[in-house]
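Consider how a single charged side chain can serve as the starting point for reading a fold. The paragraphs below begin with one such residue and work outward from there.

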Amino acid sequence: MATAPTPEESARNILAIFKHHNVQTDEVLLAGALNIQFINAGGSPADYEAGMGFDIQNGWLEQDGMMVRLNAAGFAEM
């Protein structure tokens, strides 16, 4: 049985989606599209929530309604 990813692993998988789309500092992705891409890549909704929490807590991303913004710290982590 596979083990669940850590919140940090999920957070980095979310950042990988930003990198895939060549998102730069202070640019945004739609939260719904980001969630769908994460799940389509094999993540679970719970892992997405844990990863987003880690990203936000560490200042890598910020969410404003339906938009998720990549901060400079997150760009540096990609």
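**From one arginine to the whole chain**

Arg12 has a relative accessible area of 32% and is therefore partly exposed. The model is a predicted one. Glu77 lies in helix α4 (residues 72-77) and Arg12 in helix α1, so this pair ties together parts of the chain that are 65 residues apart in sequence. The tie is a salt bridge, in which the closest N and O atoms of Glu77 and Arg12 are 2.9 Å apart. Glu77 is itself partly exposed, at a relative accessible area of 34%.

Arg12 has another partner in Glu8, and in this salt bridge the closest N and O atoms are 3.0 Å apart. Here the link is within one element: Arg12 and Glu8 are four residues apart in helix α1 (residues 7-20), so about one helical turn separates them. Glu8 counts as partly exposed because its relative accessibility is 33%. Together, Glu8, Arg12 and Glu77 are linked in a network of salt bridges. A search of the whole structure finds two salt bridges. As a general point, side chains of opposite charge can pair when their charged atoms come close.

Which charged residue is buried yet has no salt bridge? That residue is Asp55, whose nearest side chain of opposite charge is Arg12, 7.6 Å away. A salt bridge requires a side-chain nitrogen of Lys or Arg within 4 Å of a carboxyl oxygen of Asp or Glu, so a separation of 7.6 Å does not qualify. Asp55 lies in helix α3, which covers residues 45-57. With neighbours within four places in sequence left aside, Asp55 is in contact with Ala11, Ile14, Leu15, Trp60 and Leu61.

These elements belong to a chain with four helices and three strands. Along the sequence they follow the pattern α-β-α-α-β-β-α. Among contacts with a separation of 6 or more, 58% are between residues 24 or more positions apart. For 78 residues, a compact globule would have a radius of gyration near 12 Å, and the chain agrees with this because its value is 11 Å. Taken along the principal axes, the C-alpha atoms fill a box of roughly 40 × 20 × 20 Å. Of the 78 residues, 31% count as buried.

The surface comes next. About 4,700 Å² of the chain is exposed, and carbon and sulfur atoms supply 55% of that area. Leu30, Met66 and Met67 make a nonpolar surface patch of about 300 Å². Within this patch, Met67 lies in strand β3 (residues 67-70). Met67 counts as partly exposed because its relative accessibility is 32%.

The loop between α1 and β1 (28-30) holds Asn22, and Asp26 is found in the loop between α1 and β1 as well. What is notable about the backbone of these residues? Asn22 has a phi near 55°, a positive value in a residue other than glycine. For Asp26, phi is near 70°, again positive in a residue other than glycine. Asn22 is exposed, since its relative accessible area is 58%.

Methods. Residues numbered from 1 in each chain as written. Predicted model: local features only at pLDDT ≥ 70, side-chain atom pairs only at ≥ 80, totals over all residues. Heavy atoms only, no water. Helix = DSSP H or I, 4+ residues; strand = E, 2+ residues; numbered from the N terminus. Rg over C-alpha atoms; globule rule 2.2 N^0.38 Å. Buried < 20%, exposed > 50% of the residue type's maximum accessible area, 1.4 Å probe, protein only. Contact = heavy atoms within 4.5 Å. Areas by Shrake-Rupley, 256 points an atom, 1.4 Å probe, with all protein chains shown as cover. Lys, Arg positive; Asp, Glu negative; His and termini not counted. Patch = residues over 30% accessible without salt bridge, like charges linked within 9 Å, V, L, I, M, F, W, Y side chains within 5 Å.
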